[in-house]
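Me: I'm new to reading protein structures and keep tripping over the vocabulary. Could you go through this one with me and explain the labels?

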Amino acid sequence: MSKKIKDFGIEKTLKNLGIKEENRGTSVGGKYFASGKTIESFSPVDGNLIAKIKTSGESDYDKVIEMAEKAFKEFRLMPAPKRGEIVRQLGQKLRQYKDDLGKLVSYEMGKSLQEGLGEVQEMIDICDFAVGVSRQLHGYTMHSERPGHRMYEQYHPLGIVGIITAFNFPVAVWSWNTALAWICGNVTIWKPSEKTPLCAIACQNIMNEVIKENNLPEGISSVLVADHEIGQKLVDDKRVSLVSFTGSTRVGRMVSTNVAQRFGKSILELGGNNAIIISKDADIDMSIIGAVFGAVGTAGQRCTSTRRLIIHEDVYDEVKNRLEKAYGQLKIGNPLDETNHVGPLIDMDAVNMYQEAIKKGKKEGAKFIVEGEVLKGKGYESGCYVKPCIAEVKNSYEIVQHETFAPILYLIKYKTLEEAIAIQNDVPQGLSSAIMTQNLREAELFLSQAGSDCGIANVNIGTSGAEIGGAFGGEKETGGGRESGSDVWKYYMRRQTNTINYTAQLPLAQGIKFDL
Ligand code: NAD
């Protein structure tokens, strides 16, 4: 047994993160509301019950919204760099709690400890980024067509930002949204996944400390631990100016329609169906590492996981054989043990979907070169461990067009790069894409307007993961939203054009005369 697992005690971790019996639920700042039903959080690592959590009921929901509205009236008046200072302090706290929070992420979600810690690092990085942005919320100034007039644009906060998140990034996505939302002067209400409520409560506890130490209104940050029905209320609520939704395309479609119906704003970060093109000019060693990590990392449960490999016919057999060999060496087991490569799926529903996808693929003609299976026996008691598998397919198979959130990798052969790009783009989703090539012409074509149609297009790195400095998100059924870096802060603000007349005349625009 590795040292990391031996030293891991969930009780101690929960205690260090301030998670007690009486505060396992919805909180606004330091106040707790829990009139709803009780849910249980089980670890996919060993199947053990981690804790019971009280959810919010309908009456709690309104209190949360009212406290957020009240806090917004105050928070919007704080200068943006001062709000940046609040986010800087959150980043400092996250550094302090990194080990415990990373462990909880790993144990409650099932990703490797390294990835759990990496997720917390991503939170720290986005806080640092947002602190800088808090001094750069700038708009354009432009020359007026009228004499003695000045024109400029400025950005104002929106109000309440509702954040609904998926299970697979149980802490990072909250901070991607909150760090920017707060420096922009908004207040946030977070509805985390029911599958990872403890991670959310831990984040809120950390932010509660910052709120208390700075004597801020509590409603700046809330976590709404609740089921999807309360999530739906957040989506439909006119008082919530922006809904930032991260999750499946199925739910995202509904969120998008309902928010648009009430003329609210939304940011949608939905499913991906990501491919790597492996050219005949690729560095094959690098390609294999990129493909295997992309396909089996987080047990295939990243929105950016590699689902398809589009391989040139000249190197197809070599890539296929080397993948087969690499998959034979994968160690599957407890993700807190750093010697393992692949951890569990989140729950039995995910295991069933994995099995269904394999069955469906076979029915459509998929030829499995590495077979999948649900693992049983010692170390696999949770029932959530599955074997990563590889199948040769046609891109047109229904199952290939669909995102299965599990480690199933599809191989597709191509002859010309134009054909490979067409295959890569011929799926409903448009999140992440990559080409492995040492040929400049190929790389540039892939990145050109005739190339990848995804929100992320990489050369000589895989599809999986992204740095926080760039805008993150995808096109088509991935939803079109952007989060994280670059100028994404603009999504969290409303834009206003101002014209000031400093003369004693009132000239109208476009030369129009209106004499009285
Ligand atoms: P999911 O769609 O099942 O759930 C996401 C969230 O939506 C959860 O908090 C859930 O409670 C909530 N929800 C469900 N029904 C709702 C409703 N009617 N109203 C309001 N909220 C509702 O997704 P999941 O299984 O948790 O996560 C996996 C999916 O998320 C994958 O498709 C993955 O690609 C996607 N994802 C995308 C990104 C991205 O940035 N593009 C990042 C992470 C995950």
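Reply: Sure, here is a round of questions and answers about the labels used for this chain. The model is predicted, so local features need pLDDT of at least 70 and side-chain atom pairs count only at pLDDT 80 or more, while totals for chains, interfaces and linings use all residues. Residues are numbered from 1 along each chain as its sequence is written, and side-chain values use heavy atoms, with hydrogens and water left out.

Me: Let's start with charges. What makes Lys93 and Glu209 a salt bridge?

Reply: The rule asks for a side-chain nitrogen of Lys or Arg within 4 Å of a carboxyl oxygen of Asp or Glu. In this pair the N to O distance is 3.1 Å, so the rule is met. In general, side chains of opposite charge can pair when their charged atoms come close.

Me: How do you know that Lys93 and Glu209 link distant parts of the chain?

Reply: They are 116 residues apart, with Lys93 in helix H4 (residues 80-109) and Glu209 in helix H7 (residues 197-213). Helices here are DSSP runs (H or I, at least four residues), strands are DSSP runs too (E, at least two), and both are numbered from the N terminus.

Me: Why is Lys93 called buried, and what is Glu209 called?

Reply: Buried means under 20% relative accessible area, exposed means over 50%, and partly exposed is in between (1.4 Å probe, protein chains only). Lys93 has 10%, so it is buried. Glu209 has 25%, so the label is partly exposed.

Me: Lys111 and Glu119 also meet in a salt bridge. Are these residues buried or exposed?

Reply: Lys111 is buried, because its relative accessible area is 2%. Glu119 is buried as well, at 1%. Their N to O distance is 2.6 Å.

Me: Which helices does the pair Arg322 and Asp285 link?

Reply: First the bridge itself: the N to O distance is 2.7 Å. Arg322 is in helix H11 (residues 316-328) and Asp285 is in helix H10 (residues 284-296), 37 residues apart. With relative accessible area at 31%, Arg322 is partly exposed, and Asp285 gets that label too, at 46%.

Me: How many salt bridges does the rule give?

Reply: The count comes to 27. Salt bridges also link Asp62, Asp237 and Arg239 in a network.

Me: Now cysteines. How do you know that Cys184 has no bond to Cys127?

Reply: A disulfide is a pair of cysteine sulfur atoms within 2.5 Å. The cysteine sulfur closest to that of Cys184 is in Cys127, and it is 14 Å away, so it is too far for a bond. Cys184 is also buried, with a relative accessible area of 0%.

Me: What about Cys454?

Reply: Cys454 is in no disulfide either: the nearest cysteine sulfur, in Cys303, is 12 Å away. Cys454 counts as buried, at 15% relative accessibility. For the structure, the disulfide total is 0.

Me: Where does UniProt place the feature "active site"?

Reply: The unreviewed UniProt entry puts it at Glu269. UniProt positions are given in the numbering used here, feature names are shortened, and annotations may be inferred rather than shown by experiment. In the model, Glu269 lies in strand E11 (residues 265-269). At 5% relative accessible area, Glu269 is buried.

Me: What does Glu269 touch?

Reply: Contact means heavy atoms within 4.5 Å. Not counting residues up to four places away in sequence, Glu269 touches several residues, including Phe245, Thr246, Phe472, Arg482 and Glu483.

Me: What does UniProt say about residues 36-497?

Reply: Its unreviewed entry gives "domain: Aldehyde dehydrogenase" there. In the model, that span is 40% helix and 21% strand, and its end C-alpha atoms lie 44 Å apart.

Me: Last one: what is the phi of Asn460?

Reply: It is positive, about 60°, although Asn460 is not a glycine. Most residues other than glycine have a negative phi. Asn460 sits in the loop between strand E19 (456-459) and strand E20 (471-472). Lys476, in strand E21 (residues 475-476), has a positive phi too, near 50°.
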